[in-house]
Amino acid sequence: MSTKSAVLDSYVDAVSFQIHGAGGGLRRPQVGALHSIIGYQASGVTDPAIVVMPTGTGKTETMVAWMVATQPEAVLVIVPSDVLREQIAGTFETLGILQEVGAVAPGALRPRVVRLGHRIADEDEALELVASANVIVATPKVLSHCEPEVRQALFAACSHLVVDEAHHAPARTWSEIIDAFAGRPVLLFTATPFRTDRRVIPGRTIFRFPLRLAQEQDYFSKIDFTAVLGTGDPDEDLAAAAVQRLRSDRAAGLEHVMLARARDRAHAEELHDLYTEIARDLQPRIVHEGLTKKAIKSNLADLRSGICKIVVCVDMLGEGFDLQTLKVAAFHEARRSLSPMIQLIGRVARVSTKHKVGTASVFVKREPEIAWSPMRYLLREDADWNSVLSNISEQETARAEEEREFANSFPDHPADIPVGLLEPKMSAVAFETSVADWAPEAARTAYGDRILDGVVSTSRHGDLAWFVLEVPAELRWGRIPSLQVASYNLVIMFLDVRHGLLFVHGSDTKKDYAPLAEAVLGHPAVALKGKPTFRVFGGVDRVVPTNVGLLDPRDREARFALFVGSNVENAIRPANGQPKSRTHIAASGYDTGNRVTIAAAMSGRFWSMRAANGLLEWRNWCVQQGARLTDRTIDVDAVFGGMLVPTPVTARPAHPLLAVEWPWELYLGNGTALRLEHDGKSVMITDADFEIDDHGTTGPFRFTVVTPDWRLGYTASVGQDGVHYLPVCDEAQVSARRGEPVPLSDWLNAHKPTLYLSGDRMITGDDHLVDASDSVEPFDRNRLEVRTWDGVDIRVESQGDARRADSIQAYVARELLAEQDFDVLIDDDRAGEAADLVGLRIDGSDLVITLVHCKYSVGSTPGARVDDLYDVCGQATRGARWRDHGGLPLLKHLDRRVRAYYRRHNRHPLEVGTIEDLYRVVSLAPQLYPRFVTVVAQPGISKVRCSAEQLRLLAGAESYLRAITKGPLRVLVSE
């Protein structure tokens, strides 16, 4: 039929729709969802309706049943991919299983469905398209290619919107479509209503079928889960295990095929080569967006037909892909995001009545990264995926519901500005108050009609409110009455009753918010400002100011001055008699071991250099600052006095070099992507170490880059332009996955390392000297711990491959094991080490990390040689940085090195525990508080004859360790 009316008339007349119970027809989740949808849409509530149904429980069939039951005039269906567009469009065309189960009469005409695979040319084509179809299925990507007026015409002509895989809804291209249907029925279907970025899916959850019930009602088969903790190449170990299971299943007569998931396209190509090598007879294929559509279609056709038994993919087989024989999955990249993992596992585990299939099998690599993701619960040694998977899904869903409830607690908001889209800067001013009740709507008395849409959006909980100010402005390039310019400022208010503070955030930081505070509090506003504002620095360690403002009330010509870089010293510690006052200080530091930025001004404003991921995070940050602002025990003058002022390095500091450290970003991110090459041998850059060649106080710094295969000397000269690195002779090359290799000296000059000097001093990567020597107190000689060193050759530091029992390292290991138990004790003594020995012990809710640094003695008898301490103090100081990010980079570093050692030597470097024990500690670490203990072992030092210079060296190392790790320094010496 050519006209829409004829299609609809015949379609509706022929429908004999019935909803069946458990005895036949639609199954329970579909019936429950359908009832909920029809009831919700009949209620008159216009918020988008969220329907949560696990993969395989009939989301698409529910969409079709709703269409048949309610007979909408024109439905726009949004899906994330071309594959899903084809699949859902086909189900709408055929009415899916509705005729098979007798839900519609055999003579029912089917709806006219349009697959929108390209842009719409103009508005007329959009209207003609809607007029001739019942259902239009499109991707946001295709719609984004249409002109705005064309999209508007299409959206306006459709009566209903259905969104599949609605966890994408917060994305801009998706949210714009949903917003365009405001006031009209919108259905959002998803199996996983939670996101890693915590952004909220807009709408109200009207139906949720838990994964647990889906498992109980046999929508899914049991899941046979294997976490592969290999000691060889991780991908090879995982592939071998998964292929063995696939062969076993097929030998038992099951029609199983397998999916291998890769990290990215390059990884997918590597895996395809790997599977082709070990299972060529199973005809592996590859699918990713870098292939042509023809190649993708051909490879998927081979998979569906059974020609191909293994498919390697990146992201394309998750959402919407349906193949009931897909029963083995190998996750070579176990996502930190739980949602796609559950989506794909749901497809692997769903039952089939058309094919001979058995238990689903899932294989995952055990990797340190998993330890701080939702996946960690799935990868425990005793994890029962059939219960844990549903529990995690419900926990994440509950969290998403809580965040959605928070967003929905604001019943009103300005048009097109839902609370979930707000990302305020971490910034606020505070007003002291004793009231528990306030009137946020009184903001209208302060701003009148400048409040956008007149809406002051207040949480039902009553402690948080926000609004947007529309501020008219003049054109900068002329006075044109017909042209209006406006800017928009966000204002947020939070009443913290516990600390007696009203926090106000304004995106316009120059505005005075006292009138607003007075209006909403109902009493004169008392701003917390002046010196007490700087209490936000309280409890932050090693505060390094980056810029400071000074105000001179007597000098009208140069009343305000901004000090940055090395000049901040003149502002933090002005000369005697200067009457200037600090207007603001911005700084970086360490808060419980994690690097933070914080700033405060005499005006009362305080801020951080980052944005909040929503109002909830901003509110929590305010609570944290409120505890400090109201803590009158914080001595602001002491805080100022303890700040470390960096000064530019233009001459060689007269202090010995103790250690060199690669840029810390390498350990947090791309260190595994860079390698050092020389003479045909290469190592990962963070597995190369530095040895100090000269502990003098003049001339260039001298050090050697050390790997297992070569040693190359370098110098670091200091001049007016800072630190400059040069090779002594031969040069190593730094290579990345992409790009040409570059000489190491060039790389060091572009990515400068940290140089640790004696007395708690360092030269940072931006060529500044940070000197904390004023705060260093002498190390107490009585704290030196005497050991007998029986049977030890104090000139032998490492036990090495020969496992020398007379080495210092072996002796210290025995001493520590006699004192305490370790879950894992690692011999990490080789290039790139974290320490000579690393002990890990779970103590209740704490993870005790012991870093042991050993040093041999030049002489045969203990004495007062300062040289015996330089290197070991440098190693200890450098080890403090492992406290960053809760010690997780250290655990990842150790896990990788332990496995690499095993591959090279066919044995692990563990004094206590196994690789499985190490992984168990790594997996639990994110829930534990790290406590660091640093041990320095130097039998070449005598407690009795220890010199003042040796004590100063130890004091400098401990000063840095105490500030960063909060942990003690133990020093093992001779009598």
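# A tour of the predicted model

Begin by selecting F331 and V364, where V364 in strand 13 is the bridge partner of F331. The coordinates on the screen are those of a predicted model, and every stop below should be read with that in mind.

**First stop: the parallel sheet**

Extend the selection from that pair to residues 326–331, which make up strand 12, and to residues 360–365, which make up strand 13; the two strands run parallel and are joined by 4 bridges. Now bring in the rest of the sheet to which they belong, an open sheet of 6 strands in the order 8-13-12-9-11-10, with parallel pairing. At its edges stand strand 8 (223–228) and strand 10 (285–287), each of which has a single partner strand, so one side of each is left without a neighbour in the sheet. If you look across the strands in order, the twist from one strand to the next averages 20 degrees.

**Second stop: helix 3**

Select residues 59–70 to show helix 3, which has 12 residues and reaches 16 Å from its first C-alpha to its last, close to the 16 Å expected at 1.5 Å a residue. Is this helix set apart from the rest of the structure or enclosed by it? Helix 3 is largely enclosed by the rest of the structure, because 10 of its 12 residues are buried. Colour the buried residues to see this: they are K59, T60, E61, T62, M63, V64, A65, W66, M67 and V68. Helix 3 is followed by Q71, which is worth labelling for its backbone, since its phi is positive, near 55 degrees.

**Third stop: a buried loop residue**

Go next to E165, which lies in the loop between strand 5 (160–163) and helix 8 (172–180). Although E165 is not a glycine, its phi is positive, at about 55 degrees. As background for this stop, most residues other than glycine have a negative phi. The relative accessibility of E165 is 0%, and E165 therefore counts as buried, the cut-off being under 20%.

**Fourth stop: a hairpin and its sheet**

Select residues 675–678 for strand 27 and residues 681–684 for strand 28, which run antiparallel and are joined by 4 bridges. One pair to display is H678 with K681, its bridge partner in strand 28. The two strands form a hairpin with 2 residues between them, and in the turn you will find D679, with a positive phi of about 55 degrees. D679, like the residue at the previous stop, is not a glycine. Is D679 buried or exposed? The relative accessible area of D679 is 69%, which is over 50%, so D679 counts as exposed.

Widen the view to the open sheet of 4 strands that contains this hairpin, where the order is 28-27-33-34 and the pairing is antiparallel. Strand 28 and strand 34 (742–743) are the edge strands, each pairing on one side only. On the way from the hairpin to strand 34, pause at residues 733–735, which form strand 33 and are joined to strand 27 by 3 antiparallel bridges. Within that pairing, R675 stands opposite S735.

**Fifth stop: strand 43 and its partners**

Select residues 929–942 to show strand 43, which is largely enclosed by the rest of the structure, because 12 of its 14 residues are buried. Strand 43 pairs in the parallel sense with strand 41 (residues 846–854) over 9 bridges, and in that pairing R931 of strand 43 stands opposite V848. Strand 43 also pairs in the parallel sense with strand 44 (residues 969–974), here over 5 bridges. For this second pairing, display V935 together with R970, its bridge partner in strand 44.

**Last stop: the largest cavity**

Finish by turning to the internal spaces, for the structure holds 6 cavities of 30 Å³ or more. The largest cavity contains about 170 Å³ of space. To find it, select Y667, E833, A834, R878 and W882, which are the closest to its centre among the 18 residues that line it. Then show strand 26 (657–661), strand 29 (689–692) and helix 23 (867–879), each of which supplies at least two residues of the lining. Which of the elements gives the most to this lining? Helix 23 does, with 3 residues. Coloured by residue class, the lining of the largest cavity divides into 9 nonpolar, 5 polar and 4 charged residues.

Terms used. Residues are numbered from 1 along each chain as its sequence is written. This is a predicted model: local features need pLDDT of at least 70, side-chain atom pairs count only at pLDDT 80 or more; totals for chains, interfaces and linings use all residues. Side-chain values use heavy atoms; hydrogens and water are left out. Two strands pair if DSSP finds at least two bridges between them. On a 1 Å grid over the protein atoms alone, a cavity is a set of points where a 1.4 Å probe fits but cannot get out, and a pocket is an open set with protein on both sides within 12 Å along at least five of seven lines; lining residues have an atom within 4 Å of a point. Grid points are joined across faces, edges and corners, and a volume is the space filled by probe spheres set on the points. Ala, Val, Leu, Ile, Met, Phe, Trp, Tyr, Cys and Pro count as nonpolar, Asp, Glu, Lys and Arg as charged, and the others, Gly among them, as polar. The expected span of a helix is 1.5 Å times one less than its number of residues. Buried means under 20% relative accessible area, exposed over 50%, partly exposed in between (1.4 Å probe, protein chains only). Axes are lines fitted to C-alpha atoms, for helices over the stretch in contact, and angles run from 0 to 180 degrees between N-to-C directions.
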